[in-house]
Amino acid sequence: MDYYSSQISKLIEEFSRLPGIGPKSAARLAFHVINMPKEQVEQLANTMIDAKNNVRYCKECYTLTDQEICPICASSERDHKVIMVVENTRDLAAYEKTGKYNGVYHVLHGAISPMLGVGPGDIKLKELMERLQKDVDEVIIATNSSLEGETTAMYISKLIKPTGIKVSRIASGVPVGGDLEYIDEVTLLRALEGRTEL
Ligand code: ZN
């Protein structure tokens, strides 16, 4: 049954498609937007459209950026021979926040999960292997310590081993199943410094 005008119902429906937004939150957000000044609503809508239109994958590391090459890959101050492999851009941001990592990244955009039907071809793995054709000293695998993250780490290390490039895995201490972005910087640094060669 339609309790509200169809426009409001439509707005609630759109909000409820977002992750973590249940029907109640969706209704709260919808009414909040209706009560916002028109200029603010336009600004919000335009910001979303601009972000969607302009954000793309960095051609080197595949993180989300609004430039062809992201600022990290473009920087001559970074060590381009050390590549840290992360599952997503939020994990990259978590390591960047520590301010102590000077290498570059590779963003997989996911992890291998036979249960969810995500195979090696569904993440940016081929792209990683292509990057390794260049001069690379070390690949640090910083996927999550979830089952998927560990499966991915193992898969990647097996792929890289024959190339002779050093492969290491961040230390545990990152809680199992914990999303990297929610882990504090000290724990992340310890995990990075305590990495072990695979
Ligand atoms: Zn990049």
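## A zinc site, a five-stranded sheet and two nonpolar cores

Of the 198 residues in this chain, 40% count as buried. Please keep in mind while you browse that this is a predicted model. The chain has 8 helices and 7 strands, and its C-alpha trace spans about 65 × 35 × 35 Å along the principal axes. Among contacts with a separation of 6 or more, 55% are between residues 24 or more positions apart.

### The sheet

A good place to begin is the open sheet of 5 strands, whose order is β4-β3-β5-β6-β7 and whose pairing is mixed. Its edge strands are β4 and β7, each of which pairs on one side only. As a general reminder, strands of a sheet pair through backbone hydrogen bonds, either parallel or antiparallel. The table walks through the pairings in the order of the sheet.

| Strand pair | Sense | Bridges | A partner pair |
|---|---|---|---|
| β3 (residues 79-86) and β4 | parallel | 5 bridges | M84 and Y105 |
| β3 and β5 | parallel | 4 bridges | V82 and E138 |
| β5 and β6 (residues 166-169) | parallel | 4 bridges | E138 and K166 |
| β6 and β7 (residues 196-197) | antiparallel | 2 bridges | R169 and T196 |

One residue is handy for finding your way across the middle of this arrangement. E138 in β5 is the bridge partner of V82, and E138 also stands opposite K166 in β6.

How do the parallel strands β3 and β4 connect? β3 and β4 are joined by 5 bridges. From β3 the chain passes through helix α5 (residues 89-98) to reach β4, in a right-handed β-α-β crossover. A right-handed β-α-β unit is also made by β5, α7 and β6.

Is β4 mostly covered or mostly open? Strand β4 (residues 103-107) is mostly covered, with 5 of its 5 residues buried.

### The two cores

In general, nonpolar side chains tend to be buried together in soluble globular proteins. Here the largest nonpolar core holds 37 residues, and M84 and Y95 are the members that touch the most others. At least two residues of this core come from each of α4, β3, α5, β4, α6 (125-131), β5 (138-141), α7 (147-160) and α8 (185-193). The biggest share is from β3, which gives 5 residues. There is also a second, separate core of 8 residues, and A26, A30, V33 and M36 are among them.

M84 deserves a second look: besides its many partners in the largest core, M84 is bridged to Y105 in β4.

Helix α8 is another contributor worth inspecting. Its buried residues are T187, L188, L189, A191 and L192, and these pack against β3, α5 and β5.

### Around I12

Toward the start of the chain, I12 sits in helix α1 (residues 6-16). Is I12 buried or exposed? Its relative accessibility is 13%, so I12 counts as buried, the cut-off being under 20%. Beyond the neighbours within four places in sequence, I12 is in contact with Y4, P23, A26, A27, A30 and F31. Two of these contacts, A26 and A30, are listed in the second core. For a sense of scale, I12 and E68 are 56 residues apart in sequence, and their C-alpha atoms are 36 Å apart in space.

### The zinc site

Which residues coordinate the zinc ion? The SG atoms of C58, C61, C70 and C73 do so, at 2.3 Å. The angles among these 4 donor atoms run from 106 to 114°, and the site is tetrahedral. Along the chain, the donors follow the spacing C-x2-C-x8-C-x2-C. C58 and C73 link distant parts of the chain: C58 lies in the loop between β1 (56-57) and β2 (64-65), while C73 belongs to helix α4 (residues 71-74), 15 residues apart. Both C58 and C73 are buried. Helix α4, home to C73, also supplies at least two residues of the largest core.

How values were computed: Residues numbered from 1 in each chain as written. Predicted model: local features only at pLDDT ≥ 70, side-chain atom pairs only at ≥ 80, totals over all residues. Heavy atoms only, no water. Buried < 20%, exposed > 50% of the residue type's maximum accessible area, 1.4 Å probe, protein only. Contact = heavy atoms within 4.5 Å. Pairing = 2+ DSSP bridges. Right-handed = clockwise from strand over helix to strand, strands pointing away. Donors = N, O, S within 2.8 Å, 3.2 Å for Na, K, Ca; no water. Tetrahedral: all angles 85-135°; square planar, octahedral: opposite > 155°, others 65-115°. Core = buried A, V, L, I, M, F, W, Y, C linked by side-chain atoms within 4.5 Å.
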